[in-house]
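Colleague: I should like to understand the terms used for this model. May I ask, term by term, what justifies each of them?

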Amino acid sequence: MSFTGKYELQSQENFEPFMKALGLPEEQIQKGKDIKSISEIVQDGKKFKVTVTAGTKVMKNEFTIGEECEMEMLTGEKVKAVVQMEGNNKLVTTLKGLKSVTELNGDTITHTMTMGDLTCKRVSKRI
């Protein structure tokens, strides 16, 4: 199953409390909560390029499954991480205590981020 495609955010749960816990400024949270971000994923075997555009903010990350890489977090901070694949449709990584699971089902990507007892779920559809 290939992740390659463009996906538009359809819904999100717990965005504001989760972003506050991450340490994002209130102004940035308020701007970001209503933006329909677009995620573009290019998969070439085990190599991935992910570009997320939310308004004027563009975040790019590149990684290879099972290899350490540097990833940009929502706060702009860069951290080292290793992305693993579970089955053929789930990407899992942990960045500074934040667990990120991206699951592809048909034309829908569900991105679940968990930190402590807080979970933020974002659902995007292929466009």
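Colleague: Why is Glu72 called buried?

Modeller: In this predicted model, Glu72 has a relative accessible area of 17%. Buried means under 20%, and therefore Glu72 counts as buried. The residue lies in strand 5.

Colleague: Which residues is Glu72 in contact with, leaving aside its neighbours within four places in sequence?

Modeller: With that exclusion, Glu72 is in contact with Lys57, Met59, Lys60, Asn61, Glu77 and Lys78. A contact requires heavy atoms within 4.5 Å.

Colleague: What makes Lys96 exposed?

Modeller: The relative accessible area of Lys96 is 56%. Exposed means over 50%, so the term applies to Lys96. Lys96 is found in the loop between strand 8 and strand 9. Although Lys96 is not a glycine, its phi is positive, at about 45°.

Colleague: Asn14 also has a positive phi. Why is Asn14 called partly exposed?

Modeller: Asn14 has a relative accessible area of 40%. Partly exposed covers the range between the 20% and 50% limits, so Asn14 belongs there. Its phi is near 70°, and its place is the loop between strand 1 (5-13) and helix 1.

Colleague: How do you know that Glu26 is partly exposed?

Modeller: Glu26 has 39% relative accessibility, so it is partly exposed. This residue belongs to helix 2 (residues 26-33). Not counting residues up to four places away in sequence, Glu26 touches Glu16 and Lys20.

Colleague: How far apart are Glu26 and Thr112 in sequence and in space?

Modeller: Glu26 and Thr112 are separated by 86 residues in sequence and by 21 Å in space, C-alpha to C-alpha.

Colleague: What makes Thr4 partly exposed?

Modeller: Thr4 has a relative accessible area of 33%. Partly exposed lies between 20% and 50%, so the description fits Thr4. Thr4 is in the segment before strand 1.

Colleague: How do you know that Thr4 and Ile41 are in contact?

Modeller: Contact means heavy atoms within 4.5 Å, and Thr4 is in contact with Ile41, Val42, Gln43 and Arg126, leaving aside neighbours within four places in sequence. The 4.9 Å between Thr4 and Ile41 is a C-alpha to C-alpha distance, and the two are 37 residues apart in sequence. The cut-off concerns heavy atoms, so the C-alpha distance of 4.9 Å does not contradict the contact.

Colleague: What makes a set of residues a nonpolar core?

Modeller: The residues must be buried, of nonpolar types, and joined through side-chain atoms within 4.5 Å. The largest nonpolar core has 26 residues, of which Met19 and Phe63 touch the most other members. Helix 1 gives the largest share, four residues. In soluble globular proteins, nonpolar side chains tend to be buried together.

Colleague: Which residues does Met19 touch, not counting residues up to four places away in sequence?

Modeller: Met19 touches Leu24, Ile29, Leu74, Met113 and Cys120.

Colleague: How much space lies in the largest pocket?

Modeller: About 1000 Å³ of space lies in the largest pocket. It is lined by 40 residues, and Val52, Met59, Leu74, His111 and Arg122 are the closest to its centre.

Colleague: How do the residues of that lining divide into nonpolar, polar and charged?

Modeller: The lining of the largest pocket comprises 24 nonpolar, 12 polar and four charged residues. Arg counts as charged, so Arg122 belongs to the charged group of this lining.

Definitions and conventions: Residues numbered from 1 in each chain as written. Predicted model: local features only at pLDDT ≥ 70, side-chain atom pairs only at ≥ 80, totals over all residues. Heavy atoms only, no water. 1 Å grid on protein atoms, 1.4 Å probe; cavity = no way out; pocket = protein on both sides within 12 Å on 5 of 7 lines; lining within 4 Å. Points joined across faces, edges and corners; volume = space filled by probe spheres on them. Buried < 20%, exposed > 50% of the residue type's maximum accessible area, 1.4 Å probe, protein only. Helix = DSSP H or I, 4+ residues; strand = E, 2+ residues; numbered from the N terminus.
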